[in-house]
Amino acid sequence: ISPPAAADRPPAASRLWHPFSSLGGTRASELTLVEGKGARVRDKDGNWYLDATAALWYANVGHGQAPIADAIAEQARRLAAYSTFGDMSNPAAAALAEQLADLAPSADPMVFFTSGGSDAVDTAVKMVRRFWTLRGEIDRSVIISRGLSYHGMHGHGTSLAGIAANNAGYGMAPDPEFVRVPHDDAGALRRVIDELGPSRVAAFFVEPIIGAGGVYPPPPGYLTEVAQICRSAGVLLVADEVVTGFGRTGDWFASASYGIEPDLLLFAKGVTSGYVPLGGVIADRGVWEVFADATAGAFRHGYTYSGHAVACAAALANLRLLVEQDLLARAAVLAEELAVRLPRLAELPGVREVRCAGLLGAIALDTVRDPALPERVVRQARAAGVLTRVINGDSVQLSPAFVLTDEQLGQLVDRLAEAITAADSVRTG
Ligand code: PLP
């Protein structure tokens with residue numbers, strides 16, 4: 001094969017097909033990041049930005065943490081990876097499973113590793129269905145999820161999604177086995193379970209705080225009520241803590257913050273702060289016991305990189321940092337500060353409302369009046385040295401690293417306020 005003539009070749013950057021983007025629209029504005037330190041990142045031209053989102057909700061301990069880089073290098077030199085299928089193990093995977101079991105809101109769990117959050121979601125759906133099959137209740141196959149929910153991009157996760165735009169137009173047949181209820185209405189869950197009959201419902205999937213759907217905190221009492229509904233109907237409760245895990249609410253898991261004990265807990269992102277991809281499912285004893293029965297046979301599911309040693313070593317170093325630098329307490333302090341500062345932005349023209357829970361926030365803009373406003377705000381913020389993005393079409397995301405300083409939090413909110421004012425005045429001016 002002869003290489004194309006240089007003149008015919010598109011510039012190197014244009015070979016990168018960006019996720020969640022229109023291929024036509026991203027080439028002109030491509031931003032190349034080359035370095036990160038704490039809650040800031042630097043582009044190839046030397047400009048530093050405040051990272052308002054901790055990348056995609058994951059850099060909990062911030063960027064450029066040398067102890068994680070060292071742990072990765074050391075593990076890679078020793079043994080980068082080996083399958084954990086069958087009876088194979090490695091010390092990093094075993095130690096991480098042990099630590100996660102200690103941190104989880106579950107007395108005696110088992111940990112199943114995946115390569116990321118979408119894998120964790122699809123693993124959980126298969127685990128749930130296998131659980132009921134093993135229990136002899138093969139009709140218990142319906143999975144209920146919430147409106148506005150996001151559960152990753154794999155097949156089952158796409159079917160679960162409450163963000164309609166994520167499953168329309170991608171060949172996903174409307175699946176009668178996946179049912180959605182309004183995100184804020186525990187009574188609706190009870191009614192759907194009653195209508196279908198509890199013996200048809202396998203599980204209810206819930207993000208304790210809705211993330212990509214726009215940062216919607218649960219209404220007071222919602223999570224304990226749905227947990228109670230599930231328990232009394234024998235329906236498994238699955239908490240998708242891919243975003244909320246590892247400190248976002250000041251606890252290791254939001255399930256603990258809101259007082260629920262899910263049967264399955266899904267994690268990814270913050271487990272390694274994103275230094276290496278990793279995710280997984282923490283299964284309560286009530287679930288894994290059924291799989292441990294001598295007659296159960298194999299759970300024929302897993303990934304090449306389940307229990308990847310480098311990823312698990314990165315996670316162990318990340319958990320150590322969260323503890324040693326007392327970053328969960330720091331996240332709680334920042335969350336309180338955000339809850340004070342963010343509501344002031346609700347007064348700005350163009351802002352419809354603000355929402356926050358833990359160290360997660362969203363500024364919802366008036367897209368009825370001005371559909372292009374959110375993207376303009378994000379562009380304006382970038383020009384002012386703040387990186388953020390639009391979630392669910394109308395909101396600007398805030399989910400900074402826990403190492404954000406007080407001064408940086410002030411700058412973040414002030415610069416976003418300025419960006420909103422500037423972007424809004426373009427329309428009206
Ligand atoms: N679940 C939730 C709640 C998420 O927010 C995400 C990703 O943002 C996922 C699952 C999917 O995780 P991943 O992108 O690592 O596959």
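**Exercise 1. Does Ala55 count as buried, exposed or partly exposed, going by its C-beta neighbours inside 10 Å?**

*Solution.* Keep in mind that we're working with a predicted model.

Step 1: find the residue. Ala55 sits in helix α1.

Step 2: get the cut-offs out. A residue is buried with 20 or more other C-beta atoms within 10 Å, and exposed with 12 or fewer.

Step 3: apply them. Ala55 has 17 C-beta neighbours inside 10 Å, so this residue counts as partly exposed.

Step 4: glance at the backbone while you're there. Ala55 isn't a glycine, yet its phi is positive, about 55 degrees.

**Exercise 2. Run the burial check on Leu148, and say where in the chain this residue is found.**

*Solution.* Step 1: the location. Leu148 belongs to the loop between β5 and α5 (155–160).

Step 2: the backbone. Here's another non-glycine with a positive phi, about 70 degrees for Leu148.

Step 3: the count. Leu148 has 22 other C-beta atoms within 10 Å, so Leu148 is buried.

**Exercise 3. Work out how the chain is divided into domains, and what each side brings to the contact.**

*Solution.* Step 1: the bounds. Domain 1 covers 6–61 + 326–428, and domain 2 covers 67–324.

Step 2: the spacing. Taken over C-alpha atoms, the domain centres are 27 Å apart.

Step 3: the contact. Domain 1 puts in 24 residues and domain 2 puts in 25 residues.

Step 4: the elements on the domain 1 side. At least two residues each come from α1 (54–57), α11 (327–341), β11 (351–357) and β12 (360–365). The largest share is from α11, with five residues.

**Exercise 4. Describe the largest nonpolar core and decide where it lies relative to the two domains.**

*Solution.* Step 1: the members. This core has 134 residues, and the ones touching the most other members are Val128, Phe204, Val238 and Leu266.

Step 2: the top contributor. Helix α10 (residues 309–324) gives twelve residues, the most of any element.

Step 3: the placement. Residues of the core come from both domain 1 and domain 2, so the core lies between them.

Step 4: the background. Nonpolar side chains tend to be buried together in soluble globular proteins.

**Exercise 5. Trace the seven-stranded sheet, then zoom in on β7.**

*Solution.* Step 1: the order. The sheet is open, with mixed pairing, and reads β4-β10-β9-β8-β7-β5-β6.

Step 2: the edges. β4 (110–114) and β6 (178–181) each pair on one side only.

Step 3: the twist. On average, neighbouring strands are turned by 20 degrees against each other, ignoring direction.

Step 4: the partners of β7. Strand β5 (residues 142–146) runs parallel to β7 (residues 201–206), and three bridges join them; Ile143 is matched with Ala203 in β7. With β8 the pairing is also parallel, over four bridges, and there Val206 has Ala239 as its bridge partner.

Step 5: the cover. Helix α7 (residues 222–233) lies across β7 and β8 (236–240), at about 165 degrees to β7. Six of the six residues of β7 are buried.

**Exercise 6. Compile the contacts of two core residues, Phe204 and Leu266, leaving out residues up to four places away in sequence.**

*Solution.* Step 1: Phe204. The list is Ile144, Leu189, Val226, Cys230, Val235, Leu237 and Val238.

Step 2: Leu266. This residue lies in strand β9 (residues 264–267). Its 29 C-beta neighbours inside 10 Å are why Leu266 counts as buried. Among the residues Leu266 touches are Gly117, Ala120, Val121, Ala124, Val238 and Val281.

Step 3: the overlap. Val238 turns up in the contacts of Phe204 and in those of Leu266.

**Exercise 7. Check the protein's radius of gyration against the rule for a compact globule.**

*Solution.* Step 1: the expectation. A compact globule of 429 residues would come out near 22 Å, and the protein has 22 Å, which agrees.

Step 2: the box. Along the principal axes, the C-alpha atoms fill roughly 70 × 55 × 50 Å.

Step 3: the contents. There are 13 helices and 15 strands, and 50% of the residues count as buried.

Step 4: the contacts. Of those with a separation of 6 or more, 71% join residues 24 or more positions apart.

How values were computed. Residues numbered from 1 in each chain as written. Predicted model: local features only at pLDDT ≥ 70, side-chain atom pairs only at ≥ 80, totals over all residues. Core = buried A, V, L, I, M, F, W, Y, C linked by C-beta atoms within 7 Å. Domains from an automatic or database assignment. Contact = placed C-beta atoms within 7 Å. Pairing = 2+ DSSP bridges. Axes fitted to C-alpha atoms, helices over the stretch in contact; angles between N-to-C directions. Rg over C-alpha atoms; globule rule 2.2 N^0.38 Å.
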